[in-house]
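User: Can you zoom in on one residue for me and walk me through its surroundings? After that, carry on to whatever else helps me picture the fold.

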Amino acid sequence: VTTIYTDLVSDGALSNSDTAIVHVIQQPMTLTVSANPSLICVGGTSSLNAVATGGSLTYTYTWSSNPAGYYSTLQNPIVQPLVTTRYIVNVNDGTQSKTDSTLVTVTQTPTVFAGNDSTYCNNVASITLSGNATNYSTVAWSTSGSGTFSSTNTLNTIYYPSSTDESTGHVNLTLTAWPMTPCVNSVSSTKHIIFVLCEGIPESGSDIFGF
């Protein structure tokens, strides 16, 4: 802080004094804010970091968020948002204040649905599949039997059951979805197909109950 220094000089008989003033000018306060990591999978955590310099060097921190609902007075709090969230911090040194923010992006885990279980005639030539998935990077179909797919890496595809599938009387068709970074766990859904003996020639790709 600004200080007055006094110098007293004495020769044993006479004395004198003088003063000098040292003026201290506060440096402007600066603020840097970050999140580590800034990209998380839902359920993960991130460390918020606020680094202030200059000013009085004595700081108070106030964190808030958008969407609203978060509050902290820690310098480096740990957060666990469920959705992508911007965290805003205000830093005050008693005379100055600075505000900055950082974004934590949340990746959701995938969902997947292979379709409802269905029943087909045991001489059906093909089965049309229409899967659904969200928040995925890639998908893949697989079979418990020995039939083939027109494409294994698309939601909508056609399954060509083998004679073994049909003679066995059933087959499981599984749709698996892999997540986007940084999530790591895949999810799967299985459509159970039953083959029954039918009279006549069924229409290709339709189950015997019309759904």
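Analyst: Let's start at Asp165: setting aside neighbours within four places in sequence, it is in contact (heavy atoms within 4.5 Å) with Gly145, Ser146, Gly147, Tyr159, His170, Val171 and Phe195. Bear in mind that this is a predicted model, where local features need pLDDT of at least 70 and side-chain atom pairs count only at pLDDT 80 or more, while totals for chains, interfaces and linings use all residues. Residues are numbered from 1 along each chain as its sequence is written, and side-chain values use heavy atoms, with hydrogens and water left out.

Asp165 sits in helix H1, residues 163-168 (helices are DSSP runs of at least four residues, H or I, and strands, E, of at least two, numbered from the N terminus). Asp165 is buried (under 20% relative accessible area, 1.4 Å probe, protein chains only), yet it has no salt bridge (a Lys or Arg side-chain nitrogen within 4 Å of an Asp or Glu carboxyl oxygen). The nearest side chain of opposite charge, Lys191, is 14 Å away (Lys and Arg count as positive, Asp and Glu as negative; His and chain ends are not counted).

Now for the disulfides (cysteine sulfur pairs within 2.5 Å): there are 2 in the structure. One joins Cys41 to Cys183, with 2.0 Å from S to S. It links strand E4 to the loop between E17 and E18, 142 residues apart. Cys121 pairs with Cys198 at 2.2 Å, and this link is left-handed, with -95° about the S-S bond. Counting bonded cysteines along the chain, the pattern is 1-3, 2-4.

How values were computed. Buried < 20%, exposed > 50% of the residue type's maximum accessible area, 1.4 Å probe, protein only.
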